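The following note collects points for a colleague who is reviewing the structure shown below. The points are numbered and may be read independently.

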Amino acid sequence: MTEIKINTKRRNGIINKNIYGQFAEHLGRCIYEGIYVEDDSIPNVNGMRCDVVNALRELDIPVLRWPGGCFADDYHWRDGIGDKDKRPYMVNTNWGGVVENNHFGTHEFFELCSQLGCEPYITGNVGSGTVQEMRDWIEYMTFDGDSPLANERRKNGHEEPFKLKYFGVGNENWGCGGNMRPEYYSDLYRRFATFIRNYGDEPIYKIGCGANAGDFSWTESVLKNAGAFMQGLSWHNYTYEGDWEHKGSSYAFDAAGWYSNLADVERMRDRLKKHIAVMDCFDPDGKIDLIVDEWGNWYDCMPGTNPGFLYQQNTMRDAVTGMVILHMFHEHCDRVQMANIAQMVNVLQAMVLTEGDKMVLTPTYHLFRMMKGHQDGEKADIVYDDERYESDGEMIPSVSVSASVKNGTLTVTAANTRLDCDRELSIELDAEYKTASAEILTAENMCDFNSFDEPDKVSPKPLDTKLEGRRLTVSLPRMSVVSLTLK
Ligand code: AHR
């Protein structure tokens with residue numbers, strides 16, 4: 001039995017809905033095939049697959065990052081506007097060396113965001129682009145007046161300026177984005193960011209390229225040298241069963257692989273705290289947000305698939321680790337104002353997988369749907385017995401719980417990280433609620449996944465709860481995630 005006390009009178013911060021953001025890169029089958037099709041045998045609206053868009057709309061996606069990733073620093077926006085037949089081809093050197101026809105460009109991205117009902121977040125090219133190219137893109141997208149660039153946008157079919165709030169100044173410029181040193185990037189950031197002008201009513205929120213995983217000196221240097229010119233600083237942290245060299249299989253793993261992945265999540269927690277400590281030191285007033293614009297489990301790609309396409313399966317392990325990580329972002333919601341899981345379709349820890357005209361929802365998709373009640377909720381104070389066990393030198397919580405309140409509704413989500421022991425949650429509430437409903441996601445075997453033949457093998461089910469006065473009891477079986485809604 002795990003005793004939990006929730007104190008909704010003590011609220012500590014707002015869980016920014018943008019923590020539930022997504023990322024879609026020109027990588028493998030994420031954009032082409034996965035989202036955008038030119039073959040009308042797959043039902044689509046303006047090229048966007050209806051099945052995929054309809055499924056994703058259920059997640060209330062707040063923000064979508066595009067066009068990369070590494071692709072962003074190789075992308076020249078002019079190649080992706082105007083008559084599709086005249087758009088130049090290019091080689092996607094980062095991802096499989098395939099030919100990119102640029103048929104999905106700026107206008108198509110805004111169309112996708114409008115169909116999904118989310119905010120666009122665009123990452124610009126610092127690595128191989130110019131300041132002028134970036135400033136022109138901003139003017140093309142956002143200027144309402146009479147200028148050659150704004151008129152070109154109109155000629156290309158969009159009279160009104162696009163609404164763009166979030167703009168990233170380069171991606172991983174310590175690596176694929178130019179192998180820069182932080183001091184050099186900081187100077188480039190200052191220069192590029194200067195020319196990101198505000199043409200519309202809403203100022204553009206500028207995001208600097210942040211560190212990889214545990215590179216705290218990058219965070220320190222960029223904050224020190226360029227922090228005054230940014231609203232957000234990014235951070236990328238992928239989690240593995242093994243390590244970068246031996247990532248592990250996404251669907252054929254043993255108990256040791258389950259737990260070592262969770263141990264890596266704890267290492268991520270430690271790094272997150274340290275990056276925040278650096279931010280607290282260089283930005284004590286908390287003016288700069290931490291934007292975790294790439295996170296998720298990264299495994300070996302599926303046998304027989306293009307290694308440059310990063311296509312992997314998705315199991316209960318992804319749902320459980322996903323919930324622990326999202327709870328970690330809740331915990332630090334004063335600094336973490338956005339996070340974008342990598343990636344939305346067919347790449348890494350995806351929400352949906354497609355094959356031709358078929359689509360399957362992954363356990364991670366179900367997790368995001370089950371947790372959406374937290375979006376913009378006020379984090380409620382929560383106390384529970386944080387019983388831990390050891391794996392790979394890390395102390396892993398057996399149970400991870402988070403609670404938030406929005407418009408009088410209390411949302412509680414909980415994960416049981418153990419493979420061997422069921423739990424009962426006994427929750428002491430500080431108010432009376434009329435109704436309690438619950439959903440559970442679990443599987444018979446830890447490696448189960450949803451395939452095109454068995455699309456509902458791992459899918460959420462309603463769960464019985466017992467609400468007596470101010471006490472709620474609910475079961476949390478081994479390797480499960482649960483979401484509770486109290487009204
Ligand atoms: O998400 C896949 C890749 O991982 C991104 O393109 C890059 O930014 C990161 O290294």
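1. Contact, as the word is used in this note, means heavy atoms within 4.5 Å. The model under review is predicted. With that cut-off, the buried residues of helix 6 pack against helix 5 (182-194), strand 10, strand 11 and helix 7. The buried residues in question are Trp218, Thr219, Ser221, Val222, Leu223 and Ala226. Helix 6 itself spans residues 216-226 and lies across strand 10 (205-212) and strand 11 (232-239), at about 150 degrees to strand 10.

2. Strand 10 and strand 11 belong to a closed barrel of eight strands, which runs 2-5-8-9-10-11-12-13 with parallel pairing. On average, neighbouring strands of this sheet are turned by 30 degrees against each other, direction ignored. One of the pairings is that of strand 2 (residues 21-23) with strand 13 (residues 336-342), which run parallel and are joined by three bridges. Within this pairing, isoleucine 341 of strand 13 stands opposite glutamine 22.

3. Helix 7 also lies across part of the sheet: strand 10, strand 11, strand 12 (289-297) and strand 13 are the strands concerned, and the helix runs at about 160 degrees to strand 11.

4. How do helix 7 and helix 8 pack, in terms of angle and axis separation? Helix 7 (residues 255-282) packs with helix 8 (residues 316-331) at an angle of about 15 degrees, and their axes are 10 Å apart. Since angles under 35 degrees count as roughly parallel, the two helices are therefore roughly parallel to each other. The crossing of helix 7 past helix 8 is right-handed.

5. The contact of these two helices can be listed by residue. On the side of helix 7, Gly257, Trp258, Asn261, Leu262, Val265, Glu266, Met268, Arg269 and Leu272 take part; they meet Met316, Arg317, Val320, Thr321, Val324, Ile325, Met328 and Phe329 of helix 8. By character, the residues of this contact comprise 11 nonpolar, three polar and three charged.

6. Valine 458 is placed in the loop between strand 22 (436-441) and strand 23 (461-462). Is this loop residue, valine 458, buried or exposed? Its relative accessible area is 0%, and buried means under 20%, so valine 458 is buried. Residues up to four places away in sequence aside, valine 458 touches Met316, Pro363, His366, Leu441, Thr442, Ala443, Asp448, Phe449 and Asn450. Met316 is also listed among the residues of helix 8 that meet helix 7. The C-alpha atom of valine 458 is separated by 20 Å from that of arginine 57, a residue 401 places apart from it along the chain.

7. Arginine 418 is a charged residue in a loop, namely the one between strand 20 (409-416) and strand 21 (423-428). Its relative accessibility is 18%, so arginine 418 counts as buried. Apart from neighbours within four places in sequence, arginine 418 is in contact with Tyr259, Glu387, Tyr389, Ser398, Arg423, Arg478 and Met479.

8. Two residues deserve a check of their backbone angles, as each has a positive phi although it is not a glycine. Glutamate 172, with a phi of about 40 degrees, is found in the loop between strand 9 (166-169) and helix 5. It counts as buried because its relative accessibility is 12%. Alanine 213, with a phi of about 35 degrees, lies in the loop between strand 10 and helix 6. At 19% relative accessibility, alanine 213 counts as buried.

9. Cis peptide bonds form a further point. One joins glycine 68 and glycine 69, with omega at about 20 degrees; glycine 69 is located in the loop between strand 5 (63-66) and strand 6 (90-92). Another leads from alanine 342 to glutamine 343, and its omega is near -10 degrees. Glutamine 343 has its place in the loop between strand 13 and strand 14.

10. The last point concerns a hairpin. Strand 14 (residues 352-355) pairs with strand 15 (residues 358-361) in the antiparallel sense, over four bridges. Valine 352 has leucine 361 of strand 15 as its bridge partner. Two residues lie between the strands of this hairpin, and glycine 356 in the turn has a positive phi of about 55 degrees.

Note on methods: Residues numbered from 1 in each chain as written. Predicted model: local features only at pLDDT ≥ 70, side-chain atom pairs only at ≥ 80, totals over all residues. Heavy atoms only, no water. Axes fitted to C-alpha atoms, helices over the stretch in contact; angles between N-to-C directions. Parallel < 35°, antiparallel > 145°, perpendicular 65-115°, else oblique. Left-handed = near helix turned anticlockwise from the far one by under 90°. Pairing = 2+ DSSP bridges. Buried < 20%, exposed > 50% of the residue type's maximum accessible area, 1.4 Å probe, protein only.
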